[in-house]
Amino acid sequence: MSASVALGTAPPPADGPEVTVEPFVRSGGDGRSTLHLMVEGVHCGGCVRTIERALLADPAVEHARVNLSTRRLVVGWRGGPGLGGRIAATVERAGFRAVPYDPDQLRGADEVRDRQLLRALAVAGFAAGNVMLLSVAVWAGAFQDMGPATRSLMHWFSALIALPAIAYAGRPFFGSAFDALRHGRTNMDVPISLAVVLAGSMSLFETIRHGEHVYFDSAVMLLFFLLIGRYLDHRARGQARSAAERLVALERGFVTVLDAAGVRHAVPAADVAPGATVLAGAGERIGVDGAVIAGAGEVDTSLITGESVPERVAPGSRVFAGTLNLGAPLRIAASAAGDGTLLAEIVRLMEAAEQRRARFVVLADRIARAYAPAVHSLALITFLAWWLVLGAAWQVALLYAIAVLIITCPCALALAVPAVQVIASGRLFRSGVLLKSATALERLAEVDHVVLDKTGTLSLGRPTLAAVEAVPEDDLRLAAGLAGGSRHPLARALAAQVPDAPAAEGVAEVPGQGLRLGLPDGEIRLGSRAFAGPPGEAPEDDRLELWLARPGAAPRRLAFGDRLRDDAAPTLRRLEALGLEVEMLSGDRRPAAAAVAKALGIDHWSAGRSPADKVARLEALGAAGCKVLMVGDGLNDAPALAAAHVSISPSSAIDISQNTADAVFQGDRLMPVALTIEVARRARRLIRQNLALALAYNLITVPLAMAGLVTPLIAALSMSASSLLVVGNALRLQLRGQP
């Protein structure tokens, strides 16, 4: 982040230009103002609490909320835009950089940070491998009469490799530790940085005085392991952020506004005034909420409602931002734009759900708060006790203090969870499941209630022609030829049924009705019952349908169905065998949902649910103490996926839902959902075992280090051994048979 915020009287940082925040403040008619900022340097729940406490201490501030995933800070206060500088200055004084919120800038900063971490990881890995080779040579030489001169030469080679690598690869930790200390705070990076610096400095000192032991290998190996964890954590958070960012991108497009003279103007969607006339062309995504005032056709509402069949609209019909106009151009009287649209409400639902999840204080955060002061205190006590009380030389006392810092470095603790997660993630990946959240396994193991969407989840979400064998081949090829030029979902499904059917020429599309082709002996029609079907007949069933009408022949019905996943029923039985309650929550029509529930034996289900309805149901289940797994696709499921305790989407889901979900499963099978829960439960057991092993390691080794019975070399070996122990335990997940 190169830019900073000009904050009234607060001086801007020297590494960036001034950027005022007042132009970005939104003022309401009730005297209240709101400011959206992007905060740099937020890594954990402690950072969130620091910022929120600092802001809420200002009597003018009514609410302050930091979203850990998006790093967006939303502050509301009573007063005008002029207070924006003071609000942002408070953030700066708390030790965090702030700029007006811009998802594009956030994405660019994340890409830069990813590259920096990868470069640091590569340097640390290269240095660790080479220094360890030199260390092995020294260790072997200790038993084979290696001379002091040769040993000293090996140490100097290690120094030439390790010291530049420590200076470069340690920057993510050194910078974080320095910023924390500069603002009177501490974090886990402080003792890590202190141990690395002291180990490197002491090693250099020992090298200069031709000592027997140096600890460059401890420093670079520690950096290598911790950089792996930092990079994986950053990537996981980046995936979580992309969901809201893509939704915001849908809101930030341009729309065509017609003035009183009928002249077209391209206007940002957020700037459209209520009552303005907006033109939505064929194939365009509608950018505002409003009512159709001219034109008729069909609108793909699947992003909002989850309904796979386009909705027919005419003058007076309501349309929403984010939906796609499939037919003729529409003139729309805008009723809401920007933050007032249904799409914006979905964004707010998602961010509110993510924020609720981010406020939970996880075990790692609690350990981190106690870890830094405890480790520093133990190391200081060790140094003072040996130097002042026991009379040891300061070099020896410092050596013992470094041993305490190294032996308590949280490698085993840091690997206890990620080691299991990496192995479990690899196993699930081979089974077609991609985990996207660092905490997904932990939350999946806690699940006791499963909520599934219907279309695209229990079913494949792809309309298919039913009873193909009952349709004469000539009729089928004729209908597929007519459908080849249409974008209607049923027409596309029909064309896909006979891919080699030649596309008919001269086909005209009647918006909201169907297709027609004029021939010398009459007209051929393909479309709705009213357009091409027999007059006055009631539908045979509730299935989707097209009718083919041709001169001299009775209209033929082409019925479509959304095929269920082949293993949907066995998967539901397996979930129930795991002790889980299963429920279907659908935005589709009640008859369609009822048919699926009956076919799969689902007792608890509901239909016609809006995005807000789904979130409300999940919140009610959560309030009742349930740990809910949401399985769904479609934009209408995105808030529910974010609001659930944990969520999974099929790979056929739209990008937004896949990025909202904590996991994605591939293929047409539903069984990976049950497999994921089984693996997660076993992973939880191994994680608990690893945490117990890491705790036991510290309880045993820390007293030994404080007693001077552990040198930094032995401390490094002990630390590595503890890491290998927890990794070896995690490998049991891979060695055992398939669940």
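This passage describes two buried residues and one pair of helices in a predicted model. Residues are numbered from 1 along each chain as its sequence is written, and side-chain values use heavy atoms, with hydrogens and water left out. Local features need pLDDT of at least 70 and side-chain atom pairs count only at pLDDT 80 or more, whereas totals for chains, interfaces and linings use all residues.

Serine 649 is placed in strand β26 (residues 646–650); strands are DSSP runs of E with at least two residues, and helices are runs of H or I with at least four, numbered from the N terminus. With a relative accessible area of 0%, serine 649 is buried (under 20% relative accessible area, 1.4 Å probe, protein chains only). Its side chain reaches the backbone oxygen of glycine 632 at 2.6 Å. Alanine 638 is eleven residues from serine 649 in sequence, and the C-alpha atoms of the two are 9.7 Å apart.

Asparagine 690 belongs to helix α23 (residues 671–706) and is likewise buried, at 0% relative accessibility. Its C-alpha atom is separated by 8.5 Å from that of valine 727, 37 residues apart along the chain.

Helix α4 (residues 148–169) and helix α5 (residues 171–182) have axes that come within 5 Å and cross at roughly 55°. The axes are lines fitted to C-alpha atoms over the stretch in contact, with angles from 0 to 180 degrees between N-to-C directions. Helix α4 is therefore oblique to α5 (neither under 35 degrees, nor over 145, nor 65 to 115). In the contact (heavy atoms within 4.5 Å), Ile166, Ala167, Tyr168 and Ala169 of α4 meet Arg171, Pro172, Phe173 and Phe174 of α5.

Note on methods: Buried means under 20% relative accessible area, exposed over 50%, partly exposed in between (1.4 Å probe, protein chains only). A polar contact is a pair of N or O atoms within 3.5 Å; within protein, one must be able to donate a hydrogen and the other to accept it, and residues adjacent in sequence count only if both atoms are side-chain atoms.
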